[in-house]
Amino acid sequence: MVSFLNWLVDVLWGLPFIILMICTGLYFTIRSGFFQFRHFGYIMRHTGGRLFQSSESSGKGMLSPFEAICTAVGGTVGFGNIAGVATAVAAGGPGAVLWMWLTSFLGMILKQVEVTLGCYYRRTNEKGEFYGGPTYYMEQGLGKEKHWGKLWLIPAIIFGIGIFSTFFVTSSNLTASQVVAGALHLDSISLFGFEISGVIVIGALFSVLTFIITSGGTKKIARLFTRLVPLMSLLYILMGIAMIIVNFERVPAAFASIFRDAFTGTAALGGFAGCTVSQMVRVGMSRSVYSNEAGWGTSPMIHASARTSHPIEQGLWGSFEVFFDTFIVCTITALSVILSGCWTDGTDGGTLALSSFASGFGQIGSLLLAVVMIVFTVTTAGGWFTYYLAILEHLYKKEGFLKTLVMKIFYAIRVLPGFLWTIYLVCTNNQGFIWTVVDITSAIPTFVNVAVILLLSNKYFELLKDYKARYMGQGQADPGTKIFCEEN
């Protein structure tokens, strides 16, 4: 089974998928006039530059743009940015980092497109709450506007299965539990005469904490994340800066290895088995998608709930999210791992990140990373919880007995699958298998979603043209343009 799944990963992240991602990113980049590059300053001013302003968007929605971005970032920062990036370096060498950066340049426009479409095609439920995402623009964009009829259900079902598969084989619980247990030197605990792994004990505590935090639904999760995400992001950034300062003399060599190895491959070194350029590209791209989720179709499900006066306005936040996620947080992780030299010792994931910071700051570094991972594991679980809710809201559009029953069951068991998955991987001593599952569960929905936004590209460019005319003083606005699908 394991060999088959490894083969499946090679197929899913093979040449066709890589070509689709690159070509779609280049298509949107070129046709938009290199929007994410030419208007980078505008994007930053109208997103990051407004993070702490008290003014709210005048548009409709149930979350503020800041709440939406904190929830979306909370769903990505943590497991993907810390454990995922550490694994990218461990599996692909320093050169994989460059391929992560290059992929993210295209990811900035891809996420802008999918968030824009998610906002445009969003719908309100019977309670007046806003929900959207890929399945919504598949139904409206493909099913109705493209006249696909019921055929829109094919990509929607495949996408939904891909997203919901992470509900049963979630990875953040295991990785964070490894980091915390390692930082506390908690190998096992004797309970009622049984020796229980420290990772399982911490995993149980994480599950209880996550259950409590997600009890309030999307709105309460978003409000909590506006406090947790900025604070923990700042703490992690400061840790990364301190790591760079401590190893300042090694920084030039670290950057040299990133750019050199990206095109030459990395030879075997210590516990590192070596990596070819093709492997490096695959690892870099897959970890980039997993860390910033550009093209995955997840972020549109929370951004669609934001109060915004124009879909492109919220799409700018998608670009900012990729920039912050990859070029700041991921880079800090990558440099910390490379500077520490621990990436050649044969470990990966959260364990590698832990040993990297411990090499620079000792036990304090381990404990600080444990604190960061505790918070980001909860925010990751909370962010993904909102994604599952968006899909369920679309599946059960009308209030009734069946929807109430499904929602009650979902709320009741929402943390159980992740905890059971952690127990299984620990008991079978197959914890490295988690990355095979990660690659499969991210590739399937991403492939479907990227193909769909390519099919709906004309709607994005129509909205971009309208936004430039209305807010950037470029061109003439068409008064007949509907900026939200519900207005039609």
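## A walk along helix 16 and two helix pairs

Start by selecting helix 16: 28 of its 30 residues are buried (under 20% relative accessible area, 1.4 Å probe, protein chains only), so the rest of the structure largely encloses this helix. Before you go on, note that this is a predicted model, where local features need pLDDT of at least 70 and side-chain atom pairs count only at pLDDT 80 or more, while totals for chains, interfaces and linings use all residues. Residues are numbered from 1 along each chain as its sequence is written, and side-chain values use heavy atoms, leaving out hydrogens and water.

Helix 16 covers residues 311–340 and reaches 43 Å from first C-alpha to last, close to the 44 Å expected at 1.5 Å a residue. Now pick threonine 331, the centre of a kink of about 35 degrees in helix 16. Just after the helix comes glycine 341, with a positive phi near 80 degrees.

Next, select helix 11 (residues 198–213) and helix 19 (residues 416–427), whose axes come within 10 Å and cross at roughly 175 degrees. That makes helix 11 and helix 19 roughly antiparallel (angles over 145 degrees). Show the side chains where they touch (heavy atoms within 4.5 Å): among them are Val199 and Ile200 of helix 11, and Phe419 and Ile423 of helix 19.

Last stop: helix 8 (residues 134–145) and helix 9 (residues 153–168), packed at about 175 degrees with axes 9 Å apart. Helix 8 and helix 9 are therefore roughly antiparallel too. Here Pro134, Thr135, Met138 and Leu142 in helix 8 meet Pro155, Ala156 and Phe159 in helix 9.

Definitions and conventions:
Helices (H or I, at least four residues) and strands (E, at least two) are DSSP runs, numbered from the N terminus. The expected span of a helix is 1.5 Å times one less than its number of residues. The bend at a residue is the angle between axes fitted to the seven residues ending there and the seven starting there. Buried means under 20% relative accessible area, exposed over 50%, partly exposed in between (1.4 Å probe, protein chains only). Axes are lines fitted to C-alpha atoms, for helices over the stretch in contact, and angles run from 0 to 180 degrees between N-to-C directions. Angles under 35 degrees count as roughly parallel, over 145 as roughly antiparallel, 65 to 115 as roughly perpendicular and the rest as oblique.
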